[in-house]
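Colleague: Got a minute to walk me through this one? I'd like to hear how the parts sit together.

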Amino acid sequence: MEILVLGALEIRRDGEIEAVSGPLRQVLLGVLLARANQAVSVDVLTDALWGDQPDERAVQRLHLHVHRLRSVLGDGDRLSFDQNGYRLRLLPGELDAERFETLVTEGERLADEDPERAAEVLRRALRLWRTTRAPLAEVDVPLVADWSNRLTERRLAAYETLYRAELACGPSADVVGELAELVRDHPLRERLHGLLMVALYRSGRRDEALAAYRVARRRLVEELGLEPGPELREVERRILGGEPVEVGGERRPEAALPAQLPGDVAGFVGREGELAELDGLLSVSGAGTGPVVVTAVTGTAGVGKTALVVRWAHRVRERFPDGQFYVDLRGYGPDRPVTPEDALGAFLRALGLEGAAMPQDLAERAARFRTLVDGRRMLVVLDNAHSVEQVRPLLPGSPTCFALVTSRDALAGLVARDGARRIVLDRLTPGEARRLLHELLGERVAGEPEARDALIERCARLPLALRIAAERIRAQPGRGVADLVGELADQQEALDALDVEGDPHTAVRAVFSWSYQRLDPAVARVFRLLGVHPGHDTDAYAVAALADDGLRQTRRALQVLLRAHLVDQVSGGRYQAHDLLRAYAADLAAHTDSADGRAAALVRLRGYYLFTASIAMDRIATHEYPRRPRVPAWPGEAPPFTGYEQAWRWLGAEWANLLEVTVEGEPTFVVLLSETLWRFVKIGGYYDEAITLYARALRGALTVGDALAEANARRVLGGLMSGVGDDAPATDHLERALAIYEQVGEPLLQAAALNNLGVLCTRKGDLSASTRHLEKALAMGRLGGWQFHCAIMVNLSENLRALGRYEEAIGHLEGAFVLFRDNGDRPNVSYALGYLSELYLFTGRDEEALEHANRALALSRETGFRVIEAVCLRVLGALRQKAGDDREALSLHDQALELTRAVGDTKKIATALNALARTHTGAGHPAEALRLYGESLTVAEKGHGEEQGHAHAGIAEVHAGLGEHDRARDHWRRALEHYEALGLPHAARTRARLESPER
């Protein structure tokens, strides 16, 4: 099936075209398409269909229109319903708008390296449009209009890239004519004017090119009141001077370069001296020789350190064309500071390092970071640092880089040892403070100069305090500046109590107090408890648990805090206070509430999280081995999970908080929570964070002397560490777990540990040991129920697949699939379907592979099973390449690799890299194929001999295709060594390649 929106709204199925008629049906389909593969609530759909005043039968009428749309789609499963709303399921390539965007992305990627091919790809994309109007123009709904506008803008950008590529291939009269027509239709797009000028000039029509500039300038001045931008003016200058004119260059997609600066600061004033000093330091580093320039901007809280460096960084970002890094190190605030390891991990991922390529040791990460940025023009902004030790590993070593640090600390060690230049940021001058207030409040402050100056002094000339005061004034239009100053004077005694020897930092707390002291006691307590919560954001249920109050009262308190600007509401109905407000709330709690009261609040929070996680897991994994522990009941309110998706979303939203509450949690609590969550961890692929959780569970079990809990933690840790390639500690954990289970008399759990050991051996390529462990597990686990039996059969099928015994592997998986399906185990249904599709692909049953991959892909996305989603994308990519569609095949394999990297499973990363490399080989991209095979070899060094063999065999095929037969034979020999060592059937085929004569 195809759905077409880039023209008349149509559905094509089996060669037949059906127009979607009727305005309501078009609106319904348009909204569902704009959010394809996402749930759209009934409220959103009824509002789109009938506005904000639907009648009482709107829901029934919606059901009727959905029923009719299902008949048009011809497949009832296409449009499903659950508690979250209606979801239109589309497969890759079925929507013409998606195919258009994929082609445009590919064309943009090729524009610089292969302009002729880029032009071909972009023309294919643009031919998908069957209209000059915006898509779905007849659907007057904001959500659809936004999507339509984005597609229209993408189309114009595609034209610009197309003609840039066409011009790079040589002058063409056709290009001039087409560009002239586009310029007439879009007279305010400067890039099109510039391309037309270049096309005319290169065709020998200099006077017409200059005339085109005059036309462009006149239209821009008349309609926008603006002169042409620098790019257009530069083209005119070069034409006038008779110089060569390059095609207006667009850099490759910015996603390839770190661009992490937060948005520029609105209403920034003053600081000219500090900005000039930073400019001077930048000029020192401009030569790219000598030591790296490190600048530390220090000063008290709220003085505007972050605002200064962000403003300056935006002013000079063009001086750093290789990228800009930014990290908030959270050195001061209620959150735990960002560790240097985590900050470096984020920087390295932005530079393209993922999965097993990521060093684990801090010193190694720092060295790798310095290596990757060496010689590149890059800016590194380290905001809100707590100490020199937090900063030093993050500093680049190349003089072409510029490091900028902010901190409340003087960072004396950074100045003394690392040669950092320190800029001490003082409070605003009175003049700068007046300008800031005028910027924030306009004429409201001009008429009250005395009150304005008094307010400035009350706020200690701190930008943060002034901004908060201005917000108070803006929020109450009937009050003037003098009214607020008078209110502050009345509270002077309270403010004096917060003042510590004139430290301006206390002014921030005082300004916060202006809002806090207006709260009634119950709401004020909720605000203080937000400082007790260990996470970054939260929901109303968790706050109610902290407060030991009802959900309704808690929500009312949160609404009051929202109105008072003491908390923000973020996506998903969650609440968050910014760092300084949370620090203020924590400080208030420490001075207002007893230590016992705060501890009791955290005990309640942990009890709520444990209970709610347990009922969420009841929805996600109703069939489980071993059984999850029984947890204490929660007397308060918890989210009413009505299905899998709602429970999954809650766990995903709370995952960071669930980790945080285990930092200081009681050992027994940590053990119970870890044993409750292990299936969520496996399905979601949260390997790195889960290793931290289960290491804490292991410490907790050892602390309380619980041998069974120790074995459980080691069993899960072994599986997780095997996934990220740490085979030695994984083996140790699993063998110790096995010994403990034997001592305490737990045969089923012994079998579970053997099962994990079998999986580990399969991943390492030790297939005989894997078979022994799995067969022993199967014999020991006969009383473990169908779930356990299926788990082992699935793992045995992987072992058989590696041995080339595909039909036996299929038999095991098909049997497991039936049991998973009949018992409603949806995640594992997707698991079995996904790996069956791969086996069908290996055995040439392409139609079955396609059917199973599509079914598994939809189900894996619904259940959050990222590993299986990646498997399905790989299978679909291989099938598309078989069909001759290299572009779509590469796109699918790219998506699979991205997903696999996110999970971090090293064997699966190597598998995905090899698959993508094979696809590039088939598409005629040998250099990219060799690069990917090389990366796979690096990843597979963690003990994945099978994938090492596949990578060497792939490299050999590339060299053979290039006529480099000596190199090919060398890599076939290496592949053969791996295959023979593991007893894999690939050895025979590889040996034959070595023995065959050169072709």
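**Cysteines first**

Modeller: The sulfur of C790 has its closest cysteine sulfur in C872, 18 Å away, which is too far for a bond. A disulfide here means a pair of cysteine sulfur atoms within 2.5 Å.
Before you ask more: this is a predicted model, where local features need pLDDT of at least 70 and side-chain atom pairs count only at pLDDT 80 or more, while totals for chains, interfaces and linings use all residues. Residues are numbered from 1 along each chain as its sequence is written, and side-chain values use heavy atoms, with hydrogens and water left out.

Colleague: How many disulfides does the count come to?

Modeller: The rule asks for two cysteine sulfur atoms within 2.5 Å. C790 fails it, with 18 Å to the sulfur of C872. By this rule the count comes to zero.

Colleague: Is C790 buried or exposed?

Modeller: Buried means under 20% relative accessible area, exposed means over 50%, and partly exposed is in between (1.4 Å probe, protein chains only). The relative accessible area of C790 is 1%, so C790 is buried.

Colleague: Which helices does the salt bridge between E106 and R117 tie together?

Modeller: A salt bridge is a side-chain nitrogen of Lys or Arg within 4 Å of a carboxyl oxygen of Asp or Glu, and this pair meets at 3.9 Å, N to O. Helices are DSSP runs (H or I, at least four residues), numbered from the N terminus. E106 is buried at 13%, whereas R117 is partly exposed at 28%. The pair ties together parts that are 11 residues apart in sequence, because E106 lies in α4 (residues 96–110) and R117 in α5.

Colleague: Which residues are linked with E106 and R117 in a network of salt bridges?

Modeller: The E106–R117 pair is one salt bridge, at 3.9 Å. The network that holds E106 and R117 also takes in R109 and E113.

Colleague: What separates D732 and R736 along their helix?

Modeller: Their closest N and O atoms are 3.4 Å apart, in a salt bridge. D732 is partly exposed at 34%, and R736 is partly exposed at 41%. An α-helix has 3.6 residues a turn, so residues three or four places apart point the same way. D732 and R736 are four residues apart in α33 (residues 727–744), so what separates them is about one helical turn.

Colleague: Which helix gives the most to the largest nonpolar core?

Modeller: A nonpolar core is a set of buried Ala, Val, Leu, Ile, Met, Phe, Trp, Tyr and Cys residues joined through side-chain atoms within 4.5 Å. The largest one has 136 residues, and F527, L561 and I620 are among those with the most contacts inside it. With 10 residues, the helix that gives the most to this core is α28 (residues 595–620).

Colleague: Where do the buried residues of α46 sit, and what covers them?

Modeller: In α46 (residues 986–995), the buried residues are H986, A987, T990 and L994. They cover an arc of only 95° around the axis (taken from the directions from the helix axis to the C-beta atoms), which puts them on the same side of α46. The face turned away from that buried side carries the exposed residues R989 and E995. Contact means heavy atoms within 4.5 Å, and what covers the buried residues includes α44 (945–961) and α45 (965–982).

Note on methods. Helices (H or I, at least four residues) and strands (E, at least two) are DSSP runs, numbered from the N terminus.
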